[in-house]
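The following note sets out points on the fold for a colleague's consideration. It deals in turn with helix packing, the sheet, local backbone features and the main pocket.

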Amino acid sequence: MLHLLPVPRRVEVHNGAFFLTPDMCIVLENGCELARTGAKQLQAEILAACGMTVDIRIGKARVGDICLAVETAEPAQGYALAITAEGVSVAGHDGAGLLHGVQTLRQIIRQSGWKLPCMTIADAPDYPVRGFYHDQTRGRIGTIEWLKRLADECRFYKLNQLQL
C-alpha cells in the first residue's frame with residue numbers, strides 16, 4: 001500500500017507493474033521545457049532509489065519511457081498520472097500541475113523502487129495557495145543550503161509557498 005501526501009482525489013490501482021530500466025528515458029514532450037526541473041528531480045530520485053542513471057531528452061516517448069507533458073485544461077494545477085506496463089505518463093494541466101504530478105511519481109518511486117504498480121491518478125489541489133510558515137525568531141537561522149533543502153521538501157509535498 002502506497003502512502004501519498006497529500007492524498008490524491010482519485011487513485012485507481014490496476015494489475016501489473018512497470019519496471020524502471022537503465023535504457024529508458026525521461027521524455028519532455030511537446031517542447032515541454034517547463035518540466036526540466038521536475039525531470040532532473042525525477043532523474044535524481046531514480047538514481048537514489050534504484051542506483052541507475054536515466055537520460056532526459058526532448059521529443060516523442062517510446063514504449064518503456066517516462067513521458068512528461070503539459071496539456072492545458074481545467075482544473076488549474078491539476079495533473080493525470082498513468083503507470084502502465086508499457087510506460088509512465090504525467091500530464092499536467094499547466095506547469096504547476098506537471099510538477100505536482102512529478103512529485104507524486106517521486107513518492108511512488110521512493111516507496112516502490114524499480115517496480116512501480118500500475119495505476120492511474122487524477123488530482124488537483126483543493127486550495128490554490130498551500131504554504132508552510134517557519135518561525136525563525138526563536139532559534140538559529142538556517143544556512144542557504146538548509147533553506148534550499150526546506151524549499152525542495154515543500155515542493156515534494158506540493159506546497160507552493162514558504163514563509164519565514
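1. In this predicted model, α1 and α2 run roughly parallel to each other, because the angle between them is about 0° and angles under 35 degrees count as roughly parallel. Helix α1 spans residues 36-50, and its axis lies 10 Å from that of α2. On the α1 side the contact is formed by Gly38, Gln41, Leu42, Glu45, Ile46 and Ala49. Helix α2 contributes Leu99, Val102, Gln103, Leu105, Arg106, Ile109 and Arg110. By class, the residues of this contact comprise seven nonpolar, three polar and three charged.

2. The sheet is open and consists of seven strands, arranged in the order β1-β7-β5-β6-β4-β2-β3 with mixed pairing. Strands β1 (10-19) and β3 (55-58) occupy the edges; each has a single partner strand, so one side of each is left without a neighbour in the sheet. From one strand to the next, the twist averages 20°.

3. Helix α2, residues 95-112, packs on this sheet. The strands touched by α2 are β4 (66-70), β5 (79-84), β6 (87-92) and β7 (115-123). The direction of α2 makes about 150° with that of β7, and the two are therefore roughly antiparallel, angles over 145 degrees being counted as such.

4. Which sense of pairing joins β2 and β3? Strand β2 (residues 25-28) pairs with β3 in the parallel sense, over four bridges. Within this part of the sheet, Ile26 stands opposite Ile56 of β3.

5. Strand β7 takes part in two antiparallel pairings. With β1 the pairing is antiparallel over seven bridges, and with β5 it is antiparallel over five bridges. Ala122 of β7 appears in both: it is the bridge partner of Arg10, and Ala80 stands opposite it as well.

6. The loop between β5 and β6 contains Glu86. Which residues does Glu86 contact, once its neighbours within four places in sequence are left aside? They are Phe18, Val63, Gly64 and Asp65. Glu86 and Gly64 are 22 residues apart along the chain, yet their C-alpha atoms are separated by 5.3 Å.

7. Two backbone features deserve a check against the coordinates. The peptide bond from Leu5 to Pro6 is cis, with omega near -10°; Pro6 belongs to the segment before β1. Gln77, in the loop between β4 and β5, has a positive phi of about 65° although it is not a glycine.

8. The largest pocket holds about 210 Å³ of space. Its lining is made up of 14 residues, and those nearest its centre are Pro6, Ala124, Pro125, Asp126 and Arg130. Pro6, which follows the cis peptide bond, is thus among the residues nearest the centre of this pocket. By class, the lining has seven nonpolar, two polar and five charged residues.

How values were computed:
Residues numbered from 1 in each chain as written. Predicted model: local features only at pLDDT ≥ 70, side-chain atom pairs only at ≥ 80, totals over all residues. Heavy atoms only, no water. Pairing = 2+ DSSP bridges. Axes fitted to C-alpha atoms, helices over the stretch in contact; angles between N-to-C directions. Contact = heavy atoms within 4.5 Å. 1 Å grid on protein atoms, 1.4 Å probe; cavity = no way out; pocket = protein on both sides within 12 Å on 5 of 7 lines; lining within 4 Å. Points joined across faces, edges and corners; volume = space filled by probe spheres on them. Nonpolar A, V, L, I, M, F, W, Y, C, P; charged D, E, K, R; others polar.
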